[in-house]
Amino acid sequence: MRILIIGGTRFIGRHIAATALAAGHEVTLLHRGRTGGDLFDGTARHLLADRDDPDALTAALADGEWDATIDICAYLPNQVTALADALGARGGRYVLISTASVYDAEGPGFTEDSRLRELDAPTPTDVTQVTYANYGGLKVLCERAAADRFGDAVLVLRPSYVIGPWDHFGHVDYWAHRIARGGEILAPGSPRTPLQVIDARDIAEFTFEALAEGRSGTLHLVGASATYTYADFLDEVRAGIGVAESAITWVDDAFLLDQGETVASLPMWAQGDRAEELTSTADPAASLRAGLRLRPVAESARDALAAGAPSEKALTAEREAELLARWHAR
């Protein structure tokens with residue numbers, strides 16, 4: 001197939017591009033050239049443009065026709081409509097990487113047909129206005145824009161927390177490096193907090209299988225269980241890197257918030273937000289029936305550890321020690 005990837009040089013997009021090329025597809029990457037611009041040199045066609053500049057987007061996509069367009073980085077509905085305008089009928093099937101954060105979940109085990117979040121404020125038109133609070137609602141609007149402009153040729157994939165090598169968010173590599181370092185480890189919140197994860201490579205492989213089968217509609221990509229927990233995740237990370245035991249101290253959400261910590265320093269921390277916790281309780285049954293295959297978290301952790309240093313945004317050793325000392329002395 002002729003594949004157009006919007007993004008394709010960072011984390012999920014990088015794995016999707018690599019999977020496409022390994023399968024023999026003809027790949028075009030549209031990106032800004034700011035990260036990973038030297039990836040896939042000589043094997044993929046690179047088009048440089050900022051998708052937030054409609055004129056530049058139209059010019060970059062003026063020449064070409066594709067069997068499928070995979071959109072990794074749509075955060076605003078106007079980005080989807082601008083892409084549709086630039087492509088016309090030349091983009092083929094449209095795959096939108098959305099998020100499990102689109103739901104206004106009332107309880108665990110929600111399905112793809114469950115109630116979605118609705119924004120109660122004007123819709124932002126600039127990506128700098130995307131926040132933790134409006135992210136899910138904006139993705140809902142992106143999905144609706146896709147359905148409006150691309151019709152039945154749309155496949156919406158809603159992943160939970162994505163892990164794997166080259167994750168700039170530090171979802172798994174922080175924990176792999178931290179557990180490998182040893183000592184007392186600060187873990188946020190409760191060990192029973194729900195946590196669904198999926199490796200970016202599993203997303204990539206499923207995407208191309210779904211395209212080959214002509215699938216459309218909406219599917220969760222959230223791991224194999226709606227009852228998986230943060231403790232389960234850390235146990236698998238520990239197994240993956242060959243650490244038999246770890247001294248893990250679970251530190252209360254309220255304490256960490258009072259100390260000024262954020263999800264940037266503690267990856268995948270729900271911060272005691274019940275709505276965010278419920279996001280990691282999606283029903284995975286539909287995607288599993290559709291053929292989704294999931295590698296063990298242990299493998300993801302091992303590969304992330306081998307890929308290099310952890311995200312610099314995560315908690316430093318000095319800050320972790322300080323927080324643990326305050327927690328024990330409270």
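β9 gives the second largest pocket the largest share of its lining, 3 residues. This is a predicted model, so here is a quick tour of what its coordinates show, starting with that pocket.

**The second largest pocket**

The space inside the second largest pocket comes to about 200 Å³. Its lining takes in 18 residues, and those nearest the centre are V197, G223, A224, L294 and V297. Besides β9, the helix α11 (297-307) also puts in at least two residues. If you sort the lining of this pocket by class, you get 10 nonpolar, 4 polar and 4 charged residues.

**Q196, just ahead of β9**

Step back along the chain and you reach Q196, in the loop that joins β8 (184-188) to β9 (197-199). Is Q196 buried or exposed? Its relative accessible area is 1%, so Q196 counts as buried, the cut-off for buried being under 20%.

What does the side chain of Q196 find in there? It comes within reach of the backbone oxygen of S225, at 2.8 Å. A polar atom of that side chain also lies 3.2 Å from the backbone nitrogen of T281. Both partners turn up again in the contact list of Q196: leaving out residues up to four places away in sequence, Q196 touches S160, Y161, V222, S225, A226, T279, S280, T281 and A282.

**Helix α6**

Now for the helix α6, residues 200-212. At the N-terminal end of α6, D199 acts as a cap, with a side-chain oxygen 2.8 Å from the backbone nitrogen of R201. Does the length of α6 come out above, below or in line with what 1.5 Å a residue would give? The helix has 13 residues, so the expected span is 18 Å, and the end C-alpha atoms sit 19 Å apart, which agrees.

As for cover, α6 is mostly tucked away, with 10 of its 13 residues buried. The buried set is A200, R201, D202, I203, A204, F206, T207, F208, A210 and L211. After α6 comes G214, and its phi is positive, near 70°.

Two of the buried residues in α6, F208 and L211, are also touched by the start of the chain. M1 sits in the segment before β1 (2-6), and its contacts beyond four places in sequence are H25, E26, D67, F208 and L211. M1 also comes 7.7 Å from W66, C-alpha to C-alpha, though the two are 65 residues apart in sequence. With a relative accessible area of 34%, M1 is partly exposed.

**The largest cavity**

How many cavities of 30 Å³ or more does the model have? The count is 3. The largest cavity has a volume of about 50 Å³, and these residues line it: P188, G189, S190, T193, Y230, D253, M268, W269, A270, Q271, G272 and E277. By class, that makes 5 nonpolar, 5 polar and 2 charged residues.

Take E277 as one member of that lining. E277 belongs to helix α9 (residues 274-279) and is buried, because its relative accessible area is 14%. Beyond its neighbours within four places in sequence, E277 is in contact with T193, P194, A270 and G272. T193, A270 and G272 are also part of the cavity lining.

**Two positive phi values**

M268, another residue of the cavity lining, has a positive phi of about 65° although it is not a glycine. W166 is likewise a non-glycine residue with a positive phi of about 65°. Here is how the two look side by side:

| Residue | Phi | Location | Relative accessible area |
|---|---|---|---|
| M268 | about 65° | loop between α8 (253-258) and α9 | 3%, buried |
| W166 | about 65° | loop between β7 (161-163) and α5 (173-181) | 43%, partly exposed |

Which of the cut-offs does M268 meet? At 3% relative accessible area, M268 is buried. W166, at 43%, counts as partly exposed, since that class runs between the 20% and 50% limits.

Methods. Residues numbered from 1 in each chain as written. Predicted model: local features only at pLDDT ≥ 70, side-chain atom pairs only at ≥ 80, totals over all residues. Heavy atoms only, no water. Helix = DSSP H or I, 4+ residues; strand = E, 2+ residues; numbered from the N terminus. Buried < 20%, exposed > 50% of the residue type's maximum accessible area, 1.4 Å probe, protein only. Polar contact = N/O pair within 3.5 Å; in protein donor to acceptor, adjacent residues only side chain to side chain. Contact = heavy atoms within 4.5 Å. Expected span 1.5 Å × (residues − 1). 1 Å grid on protein atoms, 1.4 Å probe; cavity = no way out; pocket = protein on both sides within 12 Å on 5 of 7 lines; lining within 4 Å. Points joined across faces, edges and corners; volume = space filled by probe spheres on them. Nonpolar A, V, L, I, M, F, W, Y, C, P; charged D, E, K, R; others polar.
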